[in-house]
Amino acid sequence: MVKKKKERKPGRKKPCKFCMDHMVAIDYKDQNRLRRFMTDRGKIAARRITGTCAKHQRHLAIAIKRARHLALVPFVKEHYR
């Protein structure tokens, strides 16, 4: 009995929201926009989940880290358990 490998279909990549809106800079003070790119636990979501390009993912990570440092967004969820 030989197991067959499942063939993967190439998925369609999500477009980068920042490229679509022609945004030049990502503002660390825009909490609502930053929270969309974070998980419910407070982690920075991965590129393959959010669909951001590499350039904007780097800028997004820096903006989230700045916002965390200034206590605009939390590091972790308040009640973790």
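## Exercises on a four-helix chain

D21 is partly exposed, with a relative accessible area of 48% (buried means under 20%, exposed over 50%, and partly exposed in between, using a 1.4 Å probe and protein chains only). The exercises below come back to D21 and its partners. This is a predicted model, in which local features need pLDDT of at least 70 and side-chain atom pairs count only at pLDDT 80 or more, while totals for chains, interfaces and linings use all residues. Residues are numbered from 1 along each chain as its sequence is written, and side-chain values use heavy atoms, leaving out hydrogens and water.

### Exercise 1: the overall layout

Find how many helices and strands the protein chain has, and compare its radius of gyration with that of a compact globule.

Step 1. Begin with the secondary structure: the protein chain has 4 helices and 0 strands (DSSP runs numbered from the N terminus, with helices being H or I of at least four residues and strands E of at least two). Along the sequence this gives the pattern α-α-α-α.

Step 2. Turn to the radius of gyration: the protein chain has 17 Å, whereas a compact globule of 81 residues would be near 12 Å (taken over C-alpha atoms, with a globule rule of 2.2 Å times the number of residues to the power 0.38).

Step 3. Along the principal axes, the C-alpha atoms fill a box of roughly 60 × 40 × 15 Å. As for burial, 25% of the 81 residues count as buried.

### Exercise 2: a salt-bridge network

Work out which residues are joined into one network by salt bridges that share partners.

Step 1. The structure holds 2 salt bridges (a side-chain nitrogen of Lys or Arg within 4 Å of a carboxyl oxygen of Asp or Glu).

Step 2. One of them joins the side chains of D21 and R33, at 3.9 Å from N to O. D21 lies in the loop between α1 (17-20) and α2, and R33 in helix α2, so this pair ties together parts that are 12 residues apart in sequence.

Step 3. R33 also meets D30 in a salt bridge, at 3.2 Å from N to O. D30 counts as partly exposed at 29% relative accessibility, and R33 is partly exposed too, at 22%. Through shared partners, D21, D30 and R33 form one network.

### Exercise 3: two positive phi angles

Decide whether H22 and A71 are buried or exposed.

Step 1. H22 sits in the loop between α1 and α2. Its phi is near 55°, a positive value in a residue other than glycine. At 67% relative accessibility, H22 counts as exposed.

Step 2. A71 is found in the segment after α4. A71 has a positive phi of about 65° although it is not a glycine, and A71 is exposed, with a relative accessible area of 65%.

### Exercise 4: places and distances

Locate V73 and I44, and state how far each lies from a partner in space.

Step 1. V73 is in the segment after α4 and counts as buried at 3% relative accessibility. From C-alpha to C-alpha, V73 and R12 are 31 Å apart in space and 61 residues apart in sequence.

Step 2. I44 belongs to the loop between α2 (31-36) and α3 (47-50). With a relative accessible area of 26%, I44 is partly exposed. The C-alpha atoms of I44 and F75 are separated by 10.0 Å, with their positions 31 residues apart along the chain.
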